[in-house]
Amino acid sequence: MKQNNYNRRTFLTASILVAGSTTFLNQDTALSSPVSTEKKGVMKLSFRPYELKLNNPFTLATSSRTVTPGVQVEIEFDGKIGYGEASLPPYLGESTASVLAFLERVDLTAFSSPFETENILDYVDKITENNTAAKAAVDIALHDLIGKLLGVPCYQLLGLSPKQIPPTTFTISIAKPDVIREQTQDAAKRFKMLKVKLGRDNDKEIIETIRSVTDLPLIVDINQGWKDKRYALDKIYWLQEKGIIMVEQPLPKSWWEEAGWLTERSPLPIFADESLQRIHDVMKIKGYFSGINIKLMKCTGIHEAWKMIHLARACHLSVMLGCMTETSCAIAAAVHLSPAADFVDLDGNLLISNDLFQGVHLENGRQLPTNLPGLGIEKKY
Ligand code: MG
């Protein structure tokens with residue numbers, strides 16, 4: 001493992017802070033080395049708006065749009081730059097203006113190095129109550145930076161292997177049958193699993209259209225679109241016959257009792273998405289859903305997502321890693337975590353026409369990272 005200018009003790013400390021994983025280090029050796037706490041400089045945070053252009057209009061049960069606002073973030077320290085990103089779909093409640101206002105308040109000069117990860121992210125989290133995407137942008141940039149300073153990819157900081165990354169789903173959005181057929185034909189050539197947005201009055205038509213083109217396993221995302229638990233259960237039995245393997249957020253997010261009723265009777269696993277956001281929500285999910293959809297923009301980034309994965313496992317919940325429309329920066333951040341997930345829905349960079357970065361590649365239906373340090377991404381322009 002490469003360690004560049006940082007000694008093994010620093011690496012041990014960073015590993016604890018970032019991943020809580022130190023199993024691959026000899027602790028005696030690490031402790032006998034001098035501690036490098038010298039100040040190498042001041043972390044410099046910079047940021048700018050960057051609007052993501054969608055290849056196709058993105059239609060959910062409740063909305064449709066052609067662009068996603070975003071903010072690109074950089075943290076510079078000791079000659080290295082960490083990249084981060086906030087993606088701001090309207091339903092998340094953040095805007096470009098709110099993210100810029102939040103980032104204006106972030107002052108990293110009090111911290112001696114990015115290796116104070118726990119302190120830095122705790123400070124950032126306490127600046128405001130919400131702004132989870134803005135916080136994720138700082139978290140992602142910090143992890144990219146730490147990986148670059150240590151000379152290791154983020155998945156190694158987390159103790160994970162890309163060999164265990166599950167295939168990603170690719171989302172077919174709600175559209176007319178001929179458009180769906182065309183989207184599905186194209187997607188079936190590149191992906192091993194598809195995700196279908198349902199929840200309007202044409203669910204069966206959409207599934208029949210897709211099944212006229214491919215037999216690939218499907219997961220369906222209802223985005224809270226069904227408003228009756230018995231209707232939902234009937235529909236799920238029908239979907240099971242059609243080869244659907246998982247159902248995401250079938251009912252409104254606050255319908256806890258109905259969700260529990262449905263999960264108990266459903267032949268397919270039911271995952272929560274809109275019903276949870278951050279780590280304190282995970283315990284609430286137990287008994288009401290089969291699994292959780294973790295998204296970095298909802299949960300403030302890699303650091304908290306990693307904790308959520310462990311907590312979910314302790315609660316016997318399955319884990320899905322999802323995304324917004326994002327560049328390969330935020331997608332890479334989730335890809336590095338994805339060996340720890342059961343389902344991966346990380347197609348956001350494939351849905352935009354102006355990706356700023358390269359460094360995530362689709363191979364045999366899986367979104368894979370490079371083995372370059374940090375997020376392993378490079379700016380395209
Ligand atoms: Mg969803």
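**Surroundings of Lys 135, the magnesium site and the internal cavity**

Lys 135 makes contact with Phe 102, Val 124, Asp 125, Thr 128, Glu 129, Asn 130, Arg 278 and Thr 300, residues up to four places away in sequence being left out of the count. The model described here is predicted. Lys 135 belongs to helix H5, which covers residues 132-150. With a relative accessibility of 2%, Lys 135 is classed as buried, because the cut-off for burial is under 20%. The C-alpha atoms of Lys 135 and Val 106 are separated by 9.6 Å in space, and the two residues by 29 positions in sequence.

A magnesium ion is bound by protein donors from Asp 221 (OD), Glu 248 (OE) and Asp 273 (OD), at distances of 2.0 to 2.2 Å. Along the chain, these donors follow the spacing D-x26-E-x24-D. Asp 221, in strand E8 (residues 218-221), and Glu 248, in strand E9 (residues 244-248), are 27 residues apart and link distant parts of the chain. Asp 221 has a relative accessibility of 1% and therefore counts as buried. Glu 248 is likewise buried, with a relative accessibility of 0%.

Searching the whole structure yields one cavity of 30 Å³ or more. The largest cavity encloses about 40 Å³ of space. Its lining consists of Gln 249, Pro 250, Leu 251, Pro 252, Lys 253, Trp 255, Ala 259, Ser 275 and Phe 289. By residue class, the lining of the largest cavity comprises six nonpolar, two polar and one charged residue.

Notes. Residues are numbered from 1 along each chain as its sequence is written. This is a predicted model: local features need pLDDT of at least 70, side-chain atom pairs count only at pLDDT 80 or more; totals for chains, interfaces and linings use all residues. Side-chain values use heavy atoms; hydrogens and water are left out. On a 1 Å grid over the protein atoms alone, a cavity is a set of points where a 1.4 Å probe fits but cannot get out, and a pocket is an open set with protein on both sides within 12 Å along at least five of seven lines; lining residues have an atom within 4 Å of a point. Grid points are joined across faces, edges and corners, and a volume is the space filled by probe spheres set on the points. Ala, Val, Leu, Ile, Met, Phe, Trp, Tyr, Cys and Pro count as nonpolar, Asp, Glu, Lys and Arg as charged, and the others, Gly among them, as polar. Donors are N, O and S atoms within 2.8 Å of the metal (3.2 Å for Na, K and Ca); water is not among the atoms, so sites may look incomplete. Helices (H or I, at least four residues) and strands (E, at least two) are DSSP runs, numbered from the N terminus. Buried means under 20% relative accessible area, exposed over 50%, partly exposed in between (1.4 Å probe, protein chains only). Contact means heavy atoms within 4.5 Å.
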